[in-house]
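Below are my notes on the side-chain contacts of this model, set out as numbered points. They take up charged pairs and aromatic rings in turn.

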Amino acid sequence: MPRQILLNAFNMNCVGHINHGLWTHPRDTSTRYKDIEYWTDLARLLERGLFDGLFIADIVGTYDVYGQSLDVTLKESIQLPVNDPLLLVSAMAAVTRHLGFGLTANLTYEPPYLFARRLSTLDHLSKGRVGWNIVTGYLDSAARAMGLAQQPEHDRRYDQADEYLEVLYQLLEGSWADDAVVADRQRRVYAQPERVRKVEHHGEFYKVDGYHLCEPSPQRTPVLFQAGSSSRGLSFAGQHAECVFIGGQTHAGTRAQVDKVRAAAQAAGRDAQAIKVFMGISVIVAATEAEARAKHAEYLRHASAEAGVAHFAASTGIDFAAFDLDEPIHAGPGNAIQSANKILQDSTWTRRRLLQQHALGGRYVTLVGSPEQVAEQLIGWIDETGLDGFNLTRTVTPESYEDFIELVIPELQRRGRYKTAYADGTLRQKLFASPSAHLPADHPGSRHRFPDPVPTGALHHA
């Protein structure tokens, strides 16, 4: 049976996210990002389209590498201003029943004890529809704003992340037993003291001595997302991630990335298929190819290639504005996003070539065509690369999502490659067709579960 495509809408609590400059399009509504109705309307729309989730990116810090200033960033609203993504969830969850929420939070600046409470709270309020996109940050501007001289070294950030997850597992999985809460009015016992235990963690980066503040939520640990294709990032993903987000440009290159993710899972003692792999993609679709091409040309007139390059400059740590249009860009080792920096190892890159690549304001693969053409290409990406699904970026909001739902989803359904109804259960159960809402047994977080009670009459051995 052909695999069905998983689909997240990719968005951010800001004006300009990936495809920059399109906020200037007369039909775009992204400047309404501050209104709660903007988000509740979007959630209803995505649930109507049977999207698996809304994946909300986030960034701490500002993009000040390009031209060594914030000028382009502020003029084009390149992820600035940006509001907190987690605060959106309770409102969107209240108007939907099935849509999942993948939320980005930077662990470098989030104490694990309080962050665990935020995750559990949202998992309770959404009835188990929350995922966490684990990021460690890459902007020196964020480090300076938080009182540090600069970002910790790349691999060192992952060392810290490993311990952070260790603390979270102890809090989310091991502090409260499944049966801790009995809510017995007659006995005046809400929670059984013997079924709640203290977390005592004394590590290199974190020290925690306390009880998790929340009773067990539907998933306990939210679905764990991660994006990182460096060798250290892949090792981290193999150990912890349930969903990995990659950026691909070709089928062959994407297949190689997917294979590395699967191999990393196996190296960590997990099943190769334990991780769902998503790729970022943009789609411009209309009833006919000619109409789609015309729409694409219209969007290009509003997009800002320079803003896209300014965004990419922050990802690499390289000030592209310092290079002439046709001057080769020299990229050395850096402390930002290693996969972004690696792209520039090809000495043929120039600022002119980068501007051409970012014509739509971003550098994701863009599919343009009729519903049949787009569906065929999406299926081709899945079948030829081993991907599980896509993070669909926005171009003109909400038009790009509306077009996809009205035109592409029915075509994928006709081909048997997209669900016609939601499955029951939590986000984890929906994504993995799992009977359990909790982490699977081969995931390292499951080792921290509160032990089952000893049966009455069982022997105890010293």
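1. Is R195 buried or exposed, judged by its relative accessible area? In this predicted model, R195 has a relative accessible area of 10% and is therefore buried, since the buried class covers values under 20%. The side chain of R195 meets that of D179 in a salt bridge, with 2.9 Å from N to O. Because R195 lies in the loop between β6 (189-191) and β7, while D179 lies in the loop between α6 and β5, the pair ties together parts that are 16 residues apart in sequence. D179, in contrast to its partner, counts as partly exposed, at 34% relative accessibility.

2. D178 takes part in a salt bridge with R220, the side chains meeting at 2.8 Å, N to O. This pair links distant parts of the chain, given that D178 is in the loop between α6 and β5 (181-184) and R220 in the loop between β8 and β9 (223-226), 42 residues apart. The two partners fall into opposite classes of accessibility: D178 is exposed, with a relative accessible area of 59%, whereas R220 is buried, with a relative accessible area of 4%.

3. Which helices does the salt bridge between K295 and D403 link? The side chains of K295 and D403 meet at 2.7 Å, N to O. The pair links distant parts of the chain, with K295 in helix α9 (residues 289-302) and D403 in helix α14 (residues 399-414), 108 residues apart. Both K295 and D403 are buried, so that each of them has a relative accessible area under 20%.

4. As to the wider set of charged contacts, the structure holds 27 salt bridges, and the pairs discussed above are among them. A further group, made up of R156, D159, D162, E204 and R232, is linked in a network of salt bridges.

5. Turning to the aromatic side chains, a search of the whole structure finds 15 aromatic pairs. One of them is formed by F10 and F55, whose rings are edge-to-face, at 5.4 Å centre to centre and with 65° between the planes. The pair links distant parts of the chain, for F10 is in strand β1 (residues 6-12) and F55 in strand β2 (residues 53-57), 45 residues apart. F10 counts as buried at 4% relative accessibility, and F55 is likewise buried, with a relative accessible area of 3%.

6. How are the rings of Y164 and Y206 arranged? Y164 and Y206 form an aromatic pair that is edge-to-face, with 5.4 Å from centre to centre and 80° between the planes. Here, too, distant parts of the chain are linked, with Y164 in helix α6 (residues 154-174) and Y206 in the loop between β7 (199-202) and β8 (207-210), 42 residues apart. Y164 is buried, as is Y206.

7. The pair of F10 and F55 should be read together with its surroundings, because F10 and F55 are both buried and belong to a cluster in which ring pairs link F10, F55, F225, F245 and Y364.

8. Two contacts bring a charged side chain over an aromatic ring. R197 lies over the face of F450, at 4.9 Å from the ring centre, and the charged end of K419 sits over the ring of Y418, 4.4 Å from its centre.

Terms used
Residues are numbered from 1 along each chain as its sequence is written. This is a predicted model: local features need pLDDT of at least 70, side-chain atom pairs count only at pLDDT 80 or more; totals for chains, interfaces and linings use all residues. Side-chain values use heavy atoms; hydrogens and water are left out. Rings of Phe, Tyr and Trp (its six-membered ring) pair if their centres lie within 6.5 Å; planes under 30 degrees apart count as stacked, over 60 as edge-to-face and the rest as tilted. Helices (H or I, at least four residues) and strands (E, at least two) are DSSP runs, numbered from the N terminus. Buried means under 20% relative accessible area, exposed over 50%, partly exposed in between (1.4 Å probe, protein chains only). A charge sits over a ring if NZ of Lys or CZ of Arg is within 6 Å of the ring centre and within 35 degrees of the ring normal. A salt bridge is a side-chain nitrogen of Lys or Arg within 4 Å of a carboxyl oxygen of Asp or Glu.
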